[in-house]
Amino acid sequence: MALWITGSFRAAALIAFAVIAGFTPMVRAITSDTLQLAPTKSAAEAQATQLQASLVWKEVSPPNRDVFMSIGTDLGYGLPDKDLVRDRCNSGFMGAQFRAEGHHVLLWSMSGREEGQVVPISKHCHYDCFDDDCSLPNKRDFQCKRDDYKLSVGINYTFTLQLETQNASGAVWVVTMVSPDRTDITHPIEVGRVLFKDRDVSLPEDNCRVLGVDTYVAQEYWNPNQQEFTTRASWSAITFSGAMRPQDTTGSCQGMALTSLTLASGLPRAACKSWCMAEERCRFASYSSVEQDGHESRCMLFDRCEAKDRWAADKWWTYEKVDVPTLAAVAFTEECRHFRDQSGDDRTARASVHRLPGGPVELELDVGQDVKCVAGAGPRLLFLASARGAPHLARLGTAESATLALRGSAHFASALVARPKTAEGEPLMFP
């Protein structure tokens with residue numbers, strides 16, 4: 001019989017815990033409730049085409065531990081509920097892992113609604129399978145994974161999910177990561193690039209080409225042999241923006257450098273768009289990531305774009321500034337809970353919000369033997385239950401734990417749990 005410790009997912013004022021195993025914890029996670037954004041807007045009102053968030057690992061002690069920090073990523077809104085994607089076109093997460101073997105992982109994974117909905121483009125992406133009843137990859141789920149990048153404690157890694165290009169049949173979305181301590185030509189790091197079809201699979205184009213804004217953050221750790229550890233990490237500067245929308249045809253604005261307001265080389269795509277947003281006269285930004293004349297990228301800003309230039313049109317894409325709000329994460333529910341590992345030792349998990357003077361809001365998740373609740377935070381009620389009625393949890397075992405961690409098992413498991421009780425029908429209080 002499998003056991004887990006949990007709270008209800010995205011309920012008011014709760015961190016959700018999931019411990020999945022056969023008598024010993026295999027996958028445990030802290031999952032926040034839905035992040036509070038300002039201003040408060042629906043996905044339809046926000047029309048967001050870019051999600052940006054900065055991740056910093058503050059402590060991984062000892063360093064040879066398995067731990068994953070993620071942020072939820074959704075495309076679309078308002079569709080009939082279906083499987084893991086709920087009312088979305090696609091649903092998943094992006095983030096980074098420390099691994100006990102000594103390497104690190106950058107990850108982006110999403111589940112879809114329809115077979116043939118997604119087409120992985122970059123070499124780091126492949127079809128996957130998130131359903132309980134499938135053993136082979138399908139063509140609606142995917143995973144993009146980089147294990148060739150070294151993470152460090154104390155560095156702010158900025159992840160960006162953005163709508164890069166679009167045409168009549170679908171849109172290409174890309175996830176990149178930028179580190180402030182790297183300025184070489186290899187940056188930004190591309191985690192993955194995927195084509196999402198909509199019209200071809202009878203999904204609504206207007207819905208599926210914008211981001212859902214009901215997101216969450218999570219910290220997950222899954223190795224049963226790693227109980228003596230402390231991990232502290234945070235997401236900050238989380239924003240949803242649709243202010244720079246890609247046009248439907250390729251090419252730079254006509255005249256290129258001769259008619260541009262200004263230009264620069266070496267900028268990431270997101271920085272090019274942000275530059276236009278900050279410049280009052282700028283209405284269009286043309287961008288090429290292809291190396292030209294020894295430069296790794298080009299960004300040109302324009303006050304008008306009446307036609308497209310024919311020169312190297314397939315290497316350029318133009319974005320138009322539109323009047324939509326930028327949403328910023330300002331809070332989640334703060335909470336501190338105690339739990340016991342399989343050895344009976346007391347551990348603490350804490351979710352806290354830091355409002356730094358003059359800086360962005362930081363949402364921090366801390367877990368471990370050295371984590372303490374703030375003064376006045378008493379013990380919290382946790383529930384213990386068997387996995388009856390949740391066979392996808394009961395089937396997990398040692399061989400599958402790392403795989404499910406890569407696939408975001410904590411998020412999907414938590415979404416299906418609603419305050420279970422013990423076999424005797426009584427909740428357990430952990431001091």
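## A tour from Asp248 to the cores

Select Asp248. Leaving aside its neighbours within four places in sequence, Asp248 is in contact with Gln166 and Trp317. Show the side chains of Asp248 and Gln166: a polar contact of 3.3 Å joins them. Keep in mind that this is a predicted model.

Stay on this residue. Asp248 sits in strand β17. Is Asp248 buried or exposed? Asp248 is exposed, because its relative accessible area is 54%, and the cut-off for exposed is over 50%. Now add Ala168 and draw a C-alpha to C-alpha distance. The viewer should give 7.9 Å, although Asp248 and Ala168 are 80 residues apart in sequence.

**The sheet**

Zoom out to the sheet that holds β17. Which order do its strands take? The order is β17-β21-β19-β20-β18, five strands in an open sheet with antiparallel pairing. Colour the edges next: β17 (244-250) and β18 (262-265) each pair on one side only. Look along the strands for the twist. On average, neighbouring strands are turned by 25 degrees against each other, direction ignored.

Now go to the β18 end. Strand β20 (residues 298-302) pairs with β18 over four bridges, in the antiparallel sense. To see one bridge, pick Ser265; its partner in β20 is Arg298. As a general point, strands of a sheet pair through backbone hydrogen bonds, either parallel or antiparallel.

**The helix across it**

Select residues 269-278. This is helix α3, which lies across β17, β18, β19 (284-288), β20 and β21 (317-321). Compare the direction of α3 with β19: the helix runs at about 160 degrees to that strand.

Show the side chains of α3. Which residues of α3 are buried? They are Arg269, Ala270, Cys272, Lys273 and Cys276. Turn the view down the helix axis. These residues are on the same side of α3, because they cover an arc of only 160 degrees around the axis. What do the buried residues of α3 pack against? Their partners are β5, β12 (156-166), β17, β19, β20 and β21.

**The cores**

Follow β5 next, residues 50-61. The largest nonpolar core has 60 residues, and Trp57, Trp108 and Ile238 have the most contacts inside it. Strand β5 gives the most to this core, with five residues.

Centre on Trp57 and display what surrounds this side chain. Leaving aside neighbours within four places in sequence, the contacts of Trp57 include Val67, Phe68 and Met69. Further along the chain, Leu151, Ser152, Val153, Gly154 and Ile155 are among them. Arg232 and Ala233 are also in contact with Trp57.

Apart from the largest core lies another, of 10 residues. Select Ala285, Cys299, Leu301 and Tyr319 to find it; they are among its members.

**A buried arginine**

Jump to strand β23 (residues 335-340), the place of Arg337. Arg337 counts as buried because its relative accessibility is 2%, and the cut-off is under 20%. Which side chain makes a polar contact of 3.1 Å with that of Arg337? Select Glu335: its side chain is the partner.

**The whole chain**

Finish with everything in view. Colour by secondary structure to see six helices and 27 strands. Then colour by accessibility: of the 431 residues, 56% count as buried. A contact map closes the tour. Among contacts between residues at least 6 apart in sequence, 71% join residues at least 24 apart.

Notes: Residues are numbered from 1 along each chain as its sequence is written. This is a predicted model: local features need pLDDT of at least 70, side-chain atom pairs count only at pLDDT 80 or more; totals for chains, interfaces and linings use all residues. Side-chain values use heavy atoms; hydrogens and water are left out. A nonpolar core is a set of buried Ala, Val, Leu, Ile, Met, Phe, Trp, Tyr and Cys residues joined through side-chain atoms within 4.5 Å. Buried means under 20% relative accessible area, exposed over 50%, partly exposed in between (1.4 Å probe, protein chains only). Helices (H or I, at least four residues) and strands (E, at least two) are DSSP runs, numbered from the N terminus. Contact means heavy atoms within 4.5 Å. Two strands pair if DSSP finds at least two bridges between them. Axes are lines fitted to C-alpha atoms, for helices over the stretch in contact, and angles run from 0 to 180 degrees between N-to-C directions. A polar contact is a pair of N or O atoms within 3.5 Å; within protein, one must be able to donate a hydrogen and the other to accept it, and residues adjacent in sequence count only if both atoms are side-chain atoms. The arc is that of the directions from the helix axis to the C-beta atoms.
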